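The exercises below are meant to be worked with the sequence and the coordinates side by side. Try each task before reading its solution.

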Number of protein chains: 2
Amino acid sequence: MATNRRIVLASRPKGAASTSNFRLEEVPLPALHPGQLLVRNHWLSLDPYMRGRMNEGRSYAVAQALDDVMVGDTAGEVIESRHPRFTAGDQVVARLGWQEYGVSDGDGVFKVDTRQVPLSAYLGAVGMPGVTAWYGLNRIIEPKHGETVVVSAASGAVGSVVGQLAKIGGCRAIGIAGGTEKCNYVTQELKFDGCIDYKSEDVGKRLKELAPDGVDGYFENVGGAIMDAVLPRMNAFGRIALCGLIAGYDGAPIPIGNPSWFLISRLTLKGFIISEHMEIWREALKELGAHVAAGRIRYRETIANGIENAPQAFLGMLKGANFGKQLVRLA
Amino acid sequence: MATNRRIVLASRPKGAASTSNFRLEEVPLPALHPGQLLVRNHWLSLDPYMRGRMNEGRSYAVAQALDDVMVGDTAGEVIESRHPRFTAGDQVVARLGWQEYGVSDGDGVFKVDTRQVPLSAYLGAVGMPGVTAWYGLNRIIEPKHGETVVVSAASGAVGSVVGQLAKIGGCRAIGIAGGTEKCNYVTQELKFDGCIDYKSEDVGKRLKELAPDGVDGYFENVGGAIMDAVLPRMNAFGRIALCGLIAGYDGAPIPIGNPSWFLISRLTLKGFIISEHMEIWREALKELGAHVAAGRIRYRETIANGIENAPQAFLGMLKGANFGKQLVRLA
């Protein structure tokens, strides 16, 4: 049996995370017990929520244990099975973490159909990020036809789906992203109605031009100065789906400068964690899969090669160095 | 006919409001046309929202016009009527503003029954402040039996009703108020389970003691440092009814220091303006009237005497100098 290479959490970050917080290990793979299956991971998904897990203390999930394999979603192929539901050759998504192989009892392992949707997409537009976009848009923002929806981190795995779903629903979609290249992608390939480059443009001023009738729904992935710029443009009874605050993940919390907008414009802000809404996954995945297969939802991936490069890719993603969904190719 | 004394907005505040922003005028009362009635105002209600109206620019309501009578709710007696629905002697609540007399065509004038509820209470616990409390608690916080509800400005016209309604509904009610006297009133007379004196106590630390199981609902009247102290104590899926941010009304906006709590604890924050929810007034007023008549809801009033003293009383209220509902006695 091949050995397994994996990344464990070596230490907790003080301030910004760094590669020294991770450790690469090489370990033998155990023999399978009855009821178990062995998966060769082909893809590892890197996601901003992982940064929160590296901290000790209160967050919405239990902290990642030190010296344990980093948590993470994976997609791969069953190479050996002593489990009645799986056979070698099955394509599956699972939550096997930052490693090349994973042993599972089948809990949380799902077979996927890769005839019309590529395997890696089940970690992106047809996976957790896509479902996150679907839930925040349809269950919190609930936009009506003709309304304006704004999304930050618009070229990312979640944001790109938010805007495309909004367009499919007959809304005006405005993105916020970092850099000309990402903004061009958002408007030209994803067909948003506009995109603001927060690195070179005044977000509030530009939003006034791009959303002259105001903003009805805001899907927030970033926080900080970007949120402060969007709030004054929100219409009465606007809805804000709070999915992430990546601007503050790596250091001191970043305030909301003028909360009186929540009162003045009678806004609703709702934080959510997609894993707590399992009841909508089936419906959302079915819809997202159909959109991707039909080319109505497009996406982009940034791919790092080899488990040994996962930490660097992860740290880059936290700074916006990725373009679209950040993956690690493991096989 | 007597002359009418009234307060008009003389100028808009730059920073803190002052008495120089108001002007007392004495004007003759006009003769009544058919369809009109004349009310002798006995009580004027002073409310924090009025501070927002004094500003120019975007708020949730049209700004108060310069040189016009200050807007405000009133309670009084019809002294002359050429309107088919009203006769002299009717006790009414209306929105006749900061003046001793008001002429109306009957729109927005409501007869009230003062046999079991005193006239002034229709401006407080059985009026707009009471309905505000009722809506924020029952329609936004929606507390379940046994949950913990926290309210800031707890001895005030709105806050006192929030906590008492929460207690009637089987919740634990914790107030936040300024000073020992107000806190004693909140626990001893209003029968809240606890009250934190923000002027002398560490709100976060004390809240941990008084709400050991965390906070499920927060009714926010104040904002600023108090909100920052409550957020970390909120339980998962907590609800925040944002009714006022009086801490920031008079100057620069006060930030929310660490908005990541909205995400970590999956909170919902909802700003509201009670005048936009007329559909619940009848139900709310009926319930509030029954509670007040039966002594289940108690309240306190701070009374200024004479229209000429309204500006000073209003400015004091913005600083928390009042105790309970701030009124001006006009007759």
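Helices (H or I, at least four residues) and strands (E, at least two) are DSSP runs, numbered from the N terminus. Two residues are in contact if their C-beta atoms, placed from the backbone, lie within 7 Å, and axes are lines fitted to C-alpha atoms, for helices over the stretch in contact, with angles running from 0 to 180 degrees between N-to-C directions. The model is predicted, and local features need pLDDT of at least 70, side-chain atom pairs count only at pLDDT 80 or more, while totals for chains, interfaces and linings use all residues. Residues are numbered from 1 along each chain as its sequence is written, and chains are lettered from A and ligands numbered from 1 in the order in which they are written.

**Exercise 1. Helices on a sheet**

Determine which strands helix α4 of chain B lies across, and at what angle it runs to β10(B); then do likewise for helix α2 of chain A and β12(A).

Solution. Begin with α4(B), residues 180–189, which lies across β9 (172–177) and β10 of chain B and runs at about 170° to β10(B). Turn next to α2(A), residues 128–141, which lies across β8 (148–152), β11 (215–220), β12 (234–242) and β13 of chain A, at about 140° to β12(A).

**Exercise 2. The sheet that spans both chains**

Work out the strand order of the open sheet of twelve strands, and explain why one side of each edge strand is left without a neighbour.

Solution. Strands count as paired if DSSP finds at least two bridges between them. Following the pairings gives the order β10(A)-β9(A)-β8(A)-β11(A)-β12(A)-β13(A)-β13(B)-β12(B)-β11(B)-β8(B)-β9(B)-β10(B), with mixed pairing. At the edges stand β10 (194–197) of chain A and β10 (194–197) of chain B, and because each has a single partner strand, one side of each has no neighbour in the sheet. From one strand to the next, the twist averages 15°.

Two pairings can then be examined in detail. Where the chains meet, β13(A) and β13(B), the latter residues 268–271, pair in the antiparallel sense over three bridges, and A:L269 stands opposite B:L269. Within chain B, β11 (residues 215–220) and β12 (residues 234–242) run parallel and are joined by five bridges; the partner of B:F219 in β12(B) is B:A241.

**Exercise 3. The contact between the chains**

State how many residues each chain gives to the contact, and find how the two copies are related.

Solution. The contact takes 25 residues from chain A and 25 residues from chain B. On the side of chain A that touches chain B, α7 (260–264) and β13 (268–271) each supply at least two residues. By class (nonpolar: Ala, Val, Leu, Ile, Met, Phe, Trp, Tyr, Cys and Pro; charged: Asp, Glu, Lys and Arg; polar: the others, Gly among them), this side of chain A divides into 14 nonpolar, eight polar and three charged residues.

For the relation between copies, superpose by least squares on the C-alpha atoms of residues with pLDDT of at least 70 in both. Chain A is brought onto chain B by a rotation of 180° with 0.0 Å of shift along its axis, at an RMSD of 0.0 Å. The copies are therefore related as by a two-fold rotation axis, and the same surface serves both, since 100% of the contact residues of chain A recur in chain B.

**Exercise 4. Domains of chain A**

Give the domain bounds of chain A and describe the contact between the domains.

Solution. Domain bounds come from an automatic or database domain assignment, which for chain A gives domain 1 (3–123 + 299–329) and domain 2 (128–275). Their C-alpha centres lie 28 Å apart. The contact takes 15 residues from domain 1 and 15 residues from domain 2 of chain A, and the side of domain 1 that touches domain 2 has seven nonpolar, four polar and four charged residues.

**Exercise 5. Burial and positive phi**

Decide which residues of α9(A) are buried, and whether A:D67 is buried or exposed.

Solution. A residue is buried if 20 or more other C-beta atoms lie within 10 Å of its own, exposed if 12 or fewer, and partly exposed in between, with C-beta atoms placed from the backbone. In α9(A), residues 310–318, the buried residues are A:A310, A:P311, A:A313, A:F314, A:L315 and A:M317. These pack against several elements of chain A, including β1 (3–9), β14 (301–305) and β15 (325–329). After α9(A) comes A:G320, with a positive phi near 85°.

A:D67, in the loop between α1 (49–53) and β4 (74–81) of chain A, also has a positive phi, about 70°, although it is not a glycine; A:D67 is exposed, with 11 other C-beta atoms within 10 Å. B:A153, likewise not a glycine, has a positive phi of about 55° and lies in the loop between β8 (148–152) and α3 (159–168) of chain B, but B:A153 counts as buried, with 27 C-beta neighbours inside 10 Å.
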